[in-house]
Amino acid sequence: MISMTVVPPGTGRMWTRDFSLYFVARAVALLGDGMLPVAVALAVRSAGHGDSGVGLVLASWMTPLIALILFGGVFADRFGARRLMIGADVVRMLTQSVVAVALITGDAPLWLLITMSALAGAATAMFQPGVAGMVPRVAADVQRANGALRVADAGAQLLGPALSATLVVLTGPGTVYAINAATFAVSALCLLALRLPPVARAPRADVTIRRDLREGWHEFRTRSWMWSVILIWVVFGVTLFGPNIPLSSGVITEYLGENAYGWAMSAMGGGTVFGGLLAMRVRPARPLAAGGLAMFGFALIPLSVSVHAPLGLLLAAHAVGGAAWAFWSVMWATSVQTQVPGDVLNRVSAYEIAGSTAGIPIGQVLAAPAAVLIGADQVLGVSALVGVLGCVVLLAVRPVRELRRAAA
């Protein structure tokens, strides 16, 4: 049995000046990012570059992100996460502004879109590892802070695509890129305004980047609870997370219509908000065990699609799955941020981000061929089964199951 503590509303002071600024920085940037996928697809097509152009632009963002994120962790630990995050925001503000001007003026060659996308992906690789290290510095209550940030992320995923589609129809995709550039400017200003005490750093003049990477890897691999979860997440990426969107969208649209898929995504977003709010209140003594139990609910998403569940059950399954995902995410982020020493947290975070996302592109690529071979319903059924078995394995791993919540 997993013991839990429920935090009454209003306990402690979470919304300090620094956390409020950090929350605004993340919430605004997440909303801009949520608007961007729709704008990218419509912008590249409207510029006359077709589906292949969309694929190239998206790949040009993902490739440098994957290639450079480990170095982002090293630089964040060397030079300070906030400094690196502000620099990354400035770079992304400039790249999105260039694309906005190109689209608004009607001169957006494919090479320009690919170049700006690659620079933005590289900047994201410098930004993302620092996110984990910043939360403990701006929030006394790390778990509640992560819950609030998860709710903001869910809200951005709900509002972003709809807002983007509306703006593209009314004003064109260039406006969305301009707004995205503005969100990065707001994020940079909020991060700049933080009043954080200096971090004591030992002299590192003789320490090479290679040694930093090796030290981060050592810290990562010596935590069996961490690499055990990442191994499971690689399998989840290939078999569960990767195939979900490419196949579910087609299956739901085919048997319930296009509106049903939109409703399903909204239900999942609503569940994610609920899961984030719940994670702000409930404090399990063993957070990863509690999160692993919750993740059984995520398997309901591919299962409901594979069996062609009626709309009501489909929406309920997506709501439960979204809540499960949000609750696990908060438990995981809080565990990483409170169990790993601050001087190596950004590097360790880079390794866990790289590992946990590595399988998703593979799953996305293999989803269509697998569906042709055995059928989309069957692939999603396998996804649901893997989701359940993966949670069983997760709870069977003793270091994961028995990891205790860090003292406040």
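In the predicted model, Gln96 is in contact with Leu36, Ala120, Tyr177, Asn180, Ala181 and Phe184, once its neighbours within four places in sequence are set aside. Gln96 is part of helix 3, and with a relative accessible area of 5% this residue is buried. One of these contacts is polar in character, since the side chain of Gln96 makes a polar contact with the side chain of Asn180 at 2.8 Å. Leu36, which lies in helix 1, is likewise listed with Gln96 among its own partners, together with Tyr177 and Asn180, when residues up to four places away in sequence are not counted. Leu36 has a relative accessible area of 16% and is therefore buried, the limit being under 20%. With respect to a position far along the chain, the C-alpha atoms of Leu36 and Ser249 are 19 Å apart in space, and the two residues are separated by 213 residues in sequence.

A further buried polar residue is Ser187, which is located in helix 6 and has a relative accessible area of 0%. Beyond its neighbours within four places in sequence, Ser187 is in contact with Ala25, Ala29 and Asp89.

The largest nonpolar core of the model comprises 34 residues, and those with the most contacts inside it are Phe19, Tyr22, Met85, Met134, Val138 and Leu191. Two or more residues are given to this core by each of helix 1 (17-46), helix 2 (50-79), helix 3 (81-105), helix 4 (110-138), helix 5 (142-171) and helix 6 (173-192). The greatest contribution comes from helix 4, which supplies 8 residues. Met85 illustrates the contacts of one such residue, as it touches Tyr22, Phe127, Gly130, Val131, Met134 and Leu191, residues up to four places away in sequence not being counted. Another core, of 31 residues, lies apart from the largest one and includes Leu213, Ile230, Trp328 and Val340. As a general background to such groupings, nonpolar side chains in soluble globular proteins tend to be buried together.

Ile230 also appears among the contacts of Ser356, which touches Ile230 and Trp233 when neighbours within four places in sequence are left aside. Ser356 is placed in helix 13, and at 16% relative accessibility this serine counts as buried. A polar atom of the Ser356 side chain lies 2.8 Å from the backbone oxygen of Glu352, and a separation of 3.2 Å is found between a polar atom of that side chain and the backbone oxygen of Ile353. The C-alpha atoms of Ser356 and Leu68, which are 288 residues apart along the chain, are separated by 15 Å.

Helix 13 (residues 345-374) packs with helix 14 (residues 376-396) at an angle of about 115°, their axes being 7 Å apart. In this contact, Ala370, Ala371 and Ile374 of helix 13 meet Ala376, Gln378 and Val379 of helix 14. The participating residues divide into 5 nonpolar and 1 polar, with no charged residue. Helix 14 also contains Gly381, which is partly exposed, with a relative accessible area of 27%. The C-alpha atom of Gly381 is separated by 6.5 Å from that of Pro302, although the two residues are 79 residues apart along the chain.

The loop between helix 11 (300-306) and helix 12 (311-339) holds His308, which counts as partly exposed at 36% relative accessibility. The phi angle of His308 is near 55°, a positive value in a residue other than glycine. In general, most residues other than glycine have a negative phi.

Helix 10 (residues 287-295) is largely enclosed by the rest of the structure, because 7 of its 9 residues are buried. The buried residues of helix 10 are Pro287, Leu288, Ala289, Ala290, Gly291, Gly292 and Met295.

Finally, the cysteines were considered. A search of the whole structure finds 0 disulfides. Cys190 counts as buried at 10% relative accessibility, and Cys391 counts as buried at 1%.

Notes. Residues numbered from 1 in each chain as written. Predicted model: local features only at pLDDT ≥ 70, side-chain atom pairs only at ≥ 80, totals over all residues. Heavy atoms only, no water. Core = buried A, V, L, I, M, F, W, Y, C linked by side-chain atoms within 4.5 Å. Buried < 20%, exposed > 50% of the residue type's maximum accessible area, 1.4 Å probe, protein only. Helix = DSSP H or I, 4+ residues; strand = E, 2+ residues; numbered from the N terminus. Contact = heavy atoms within 4.5 Å. Polar contact = N/O pair within 3.5 Å; in protein donor to acceptor, adjacent residues only side chain to side chain. Disulfide = S-S within 2.5 Å. Axes fitted to C-alpha atoms, helices over the stretch in contact; angles between N-to-C directions. Nonpolar A, V, L, I, M, F, W, Y, C, P; charged D, E, K, R; others polar.
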